[in-house]
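Work through the exercises below with the model open beside you. Try each task before you read its solution.

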Amino acid sequence: MRSYLSALQEDIIACSVCSYKYCRNVCAVYDVLRSDGVAPSGFNHFALGILQGMTDYTPSAAEALYKCSDCGACRVHGCVAPGYGEPIDTPNIILALRAEATERNIIPDGVRILLDDLRAANSPYADSADKRTAWIPSSMETGRPAPVYLWAGCSGHRHRDALHAAARLLQATSQGSTLDLGTLGAEEGCCGLLAWQLGDRALAVQQARTAIQSLAEKRVRELVVAESGCYRLFKALAPQAMGLDVPFAVYHLSEYLDRLADTGHLKLNRPVAKVVAYHDAGQLGAHMGIYDAPRSLLGRVPGLQLVETPYNRTQTRGSGQGAGLELLHPETAYEIARRRLEEASRVGAEWLVTACPAEAGHLAAVANAGPGGFPSPVQVRELSQVLIDAAQEQP
Ligand code: SF4
Ligand code: SF4
């Protein structure tokens, strides 16, 4: 059996001498469950036991490993490893533990089912082709070669309004410029991120390689990605962790649109008179460092007042969506989202906006009919939904 932990042993040992455990204060899952076993420090303690041969993977230990949304908050802030000089890479340690548990076939039944679905349908949801492509505007041809492609994502395409708005925004910018936009449509499979997060690294690499090959065959030069997790996969994990060649430039939709707004190709002139709090999606902010582009776009919208919750930018906390948490432990994931909505309400926001269709879909589900079925006073919008209302030219 391979050891994925050995490459991380310096971090694991450095964490073992820390008595501060500030990381617990930033973890959204620990905030809800209050169990040391699911705190960042608890995962690292378990990893030390595995490395030293003092403990082993058991069904109950494996169950705990999946109580993490890979939000990245515990790495980007909250860790003060004594004398170590840099934060402990706890999210990577947790994914390494999952990879080892998966290779030993000691995983919860829910994870096994998700991985079976990913293998069989190339998606965690087994959505029909019609459902996967419902967001695509009738003016957009799928599957033809084009220099710029929009990637929707397995969870992203389920937020039909957000993806539809994203495509229309990109099409709107083509007026007066040369943007030639395509998308894979029903041919688009999973990028591999969820399999990577769940621990099946062979499946993840296979899915990522297939996705990259499909895009390369369409002669794509620029890939614009709406879902924050897929963006991280193509931009960072595929070339760096998987060793795959990515033969096109990768942009998150927010940075691509902000650049088009800078050059005057996207005009956001229509007022949107709302008080808006922006939630930093973990895969986009904590993992990829994109905090400014979404705020810059919102700042361009006339009449829109941007406010910040206490947990913004590098001080972020997760929404509960990600790494399978909302599928495997929905009650925990919903309670986490409810707390983010409450924080937005406390700073006077009417809308909570995030730049990821997957996180927006999760937050919106809780806002509309959360635990107990009480709708939140704060409504949720994906960034593209706000921008399409503000865009001057709409096809
Ligand atoms: S990645 Fe997020 S959910 Fe996971 S341990 Fe760190 S702070 Fe908690
Ligand atoms: S993750 Fe950082 S703050 Fe938490 S126990 Fe380890 S060293 Fe300390």
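## Exercises with solutions

**Exercise 1. Classify lysine 21: how accessible is lysine 21?**

Step 1. Lysine 21 has a relative accessible area of 32%, so it counts as partly exposed. The classes are buried (under 20% relative accessible area), exposed (over 50%) and partly exposed in between, with a 1.4 Å probe and protein chains only.

Step 2. Place the residue. Lysine 21 sits in the loop between helix H1 (9-16) and helix H2 (28-33). Helices (H or I, at least four residues) and strands (E, at least two) are DSSP runs, numbered from the N terminus.

Step 3. Check the backbone. Phi of lysine 21 is near 55°, a positive value in a residue other than glycine.

Before going on, note the ground rules. This is a predicted model, where local features need pLDDT of at least 70 and side-chain atom pairs count only at pLDDT 80 or more, while totals for chains, interfaces and linings use all residues. Residues are numbered from 1 along each chain as its sequence is written, chains are lettered from A and ligands numbered from 1 in the order in which they are written, and side-chain values use heavy atoms, with hydrogens and water left out.

**Exercise 2. Describe the surroundings of histidine 77.**

Step 1. Find histidine 77 in the loop between helix H5 (73-76) and H6.

Step 2. Classify it. Histidine 77 is buried, because its relative accessibility is 12%.

Step 3. List its contacts (heavy atoms within 4.5 Å). Leaving aside neighbours within four places in sequence, histidine 77 touches Val26, Thr314, Gln315 and Thr316.

Step 4. Look for polar contacts. Such a contact is a pair of N or O atoms within 3.5 Å; within protein, one must be able to donate a hydrogen and the other to accept it, and residues adjacent in sequence count only if both atoms are side-chain atoms. The side chains of histidine 77 and glutamine 315 make one, at 3.4 Å. A polar atom of the histidine 77 side chain also lies 3.0 Å from the backbone oxygen of threonine 316.

**Exercise 3. Test the length of helix H7, then find where its buried residues fall.**

Step 1. Work out the expected span, which is 1.5 Å times one less than the number of residues. H7 covers residues 109-121, so its 13 residues should span 18 Å; the end C-alpha atoms are 18 Å apart, which agrees.

Step 2. Pick out the buried residues: Val111, Leu114, Leu115 and Leu118. Seen down the axis of H7, they fall within an arc of 95°, so they line one face. The arc is that of the directions from the helix axis to the C-beta atoms.

Step 3. Turn to the other side of H7. Asp109, Ile113 and Ala120 are exposed there.

Step 4. Name the packing partners. The buried residues of H7 pack against helix H6 (90-103), helix H10 (193-198), helix H11 (201-217) and helix H15 (325-328).

Step 5. Inspect the flanks. Asparagine 105, in the loop between H6 and H7, has a positive phi near 60°. Just after H7, asparagine 122 takes a positive phi of about 60°.

**Exercise 4. What is the strand order of the sheet that holds E7, and which helices pack on this sheet?**

Step 1. Read the order: E6-E5-E7-E8, an open sheet of 4 strands with parallel pairing. Two strands pair if DSSP finds at least two bridges between them.

Step 2. Find the edges. Strand E6 (305-307) and strand E8 (379-382) each pair on one side only.

Step 3. Examine one pair. Strand E7 (residues 351-354) and E8 run parallel, joined by 4 bridges. Valine 353 stands opposite arginine 381 in E8.

Step 4. Add the helices. Helix H16 (residues 330-346) packs on the sheet, touching strand E5 (275-279), E7 and E8, and its direction makes about 125° with that of E7. Helix H18 (residues 383-390) touches E7 and E8, at about 80° to the direction of E8. Axes are lines fitted to C-alpha atoms, for helices over the stretch in contact, and angles run from 0 to 180 degrees between N-to-C directions.

Step 5. Follow the side chains. In a regular strand they alternate between the two faces of the sheet. Along E8, Val380 and Glu382 point to one face and are buried, while Gln379 and Arg381 point to the other and are not.
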